[in-house]
Amino acid sequence: MKKLLIVLAISLFAFMDASAQVEYKVVTSVESIVPNGLGRSRIISANEAKDYKEYTSTQTEEDNTRNKSKRGDIRVKEFDETKLLNFFNLGGIRFQNIAANDAIITSKINTMIEEGWELAFVTSAVESAGKGDNQGIFITRYIFKRNK
């Protein structure tokens, strides 16, 4: 009986180790904070994988050779682009647009969860050059994970 429990424990540990492998996916929403509705707002989700190592160089004192990757090689050509509404229109901030964006982003998150993804992290930031700039974006990255 003791041997059986040890075999079961080892088997369970091996299974847990194999199932612990996860994959991640990043989905980004970019919402314009440009006045008068002139900006573009989107949800972006890449449909192709890239290996960062192909575009990375390690700098040392002896070797400071830079990675010579071309921009076109780095670009992702297969991605989903979901239209969102801008935060502003001619009348100023548009709360209906924010609510519509929330509904679309919620739909994207719920669909990803139905596909087996778990929302692991969310991070956001605002970019604006400064006073009187009239340019800017609100960016949010949703990082999902699931077992391989």
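**Entry 1: strands E2 and E3**

I began with E2 and E3 and found that 6 bridges join them, the two strands running antiparallel. I note here that the model is predicted. I looked up one residue of this pairing, Ile 44, which lies in strand E2. The bridge partner of Ile 44 in E3 is Glu 81. I then checked Ile 44 against Phe 79: the two are 35 residues apart in sequence, while their C-alpha atoms are 6.9 Å apart in space. Is Ile 44 buried or partly exposed? I have Ile 44 down as partly exposed, because its relative accessibility is 29% and buried would require under 20%.

**Entry 2: strand E1 and its two neighbours**

Next I turned to strand E1, residues 22-32. On one side, E1 pairs with strand E2 (residues 41-46) in the antiparallel sense, over 4 bridges. I wrote down two positions from this pairing. Val 27 stands opposite Ser 45 in E2, and Ser 29 has Ile 43 as its bridge partner in E2.

E1 is also joined to strand E7 (residues 137-147), by 11 bridges, and these strands run antiparallel. Here too I noted two positions. Lys 25 has Phe 144 as its bridge partner in E7, and Glu 31 has Phe 138. As a reminder to myself, strands of a sheet pair through backbone hydrogen bonds, either parallel or antiparallel.

**Entry 3: the sheet**

I then put the strands in order. They form an open sheet of 5 strands, E3-E2-E1-E7-E6, with antiparallel pairing. Which strands stand at the edges? They are E3 (79-84) and E6 (118-127); each has a single partner strand, so one side of each is left without a neighbour in the sheet. From one strand to the next, I read an average twist of 15°.

**Entry 4: an aromatic pair**

I looked for paired aromatic rings, and the count came to 1 pair. The rings belong to Phe 87 and Phe 138; their centres are 6.2 Å apart and their planes stand at 45°, so I list the pair as tilted. Where do the two residues lie? Phe 87 is in the loop between E3 and strand E4 (88-89) and Phe 138 is in strand E7, so the pair ties together parts that are 51 residues apart in sequence.

I checked the accessibility of both. Phe 87, at 13% relative accessibility, counts as buried. Phe 138, at 26%, counts as partly exposed. Phe 138 had already appeared in my second entry, as the partner of Glu 31.

**Entry 5: the largest pocket**

Last, I looked at the largest pocket, which has a volume of about 300 Å³. What lines the pocket? I listed Glu 23, Tyr 24, Lys 25, Val 26, Ala 46, Asn 47, Glu 48, Ala 49, Trp 117 and Lys 148. E1 gives the most to this lining, with 4 residues. By type, I sorted the lining residues into 5 nonpolar, 1 polar and 4 charged. Lys 25 is a name I had met before: this lining residue is also the one bridged to Phe 144 in E7.

Note on methods:
Residues numbered from 1 in each chain as written. Predicted model: local features only at pLDDT ≥ 70, side-chain atom pairs only at ≥ 80, totals over all residues. Heavy atoms only, no water. Pairing = 2+ DSSP bridges. Axes fitted to C-alpha atoms, helices over the stretch in contact; angles between N-to-C directions. 1 Å grid on protein atoms, 1.4 Å probe; cavity = no way out; pocket = protein on both sides within 12 Å on 5 of 7 lines; lining within 4 Å. Points joined across faces, edges and corners; volume = space filled by probe spheres on them. Nonpolar A, V, L, I, M, F, W, Y, C, P; charged D, E, K, R; others polar. Phe/Tyr/Trp six-rings, centres within 6.5 Å; stacked < 30°, edge-to-face > 60°. Buried < 20%, exposed > 50% of the residue type's maximum accessible area, 1.4 Å probe, protein only.
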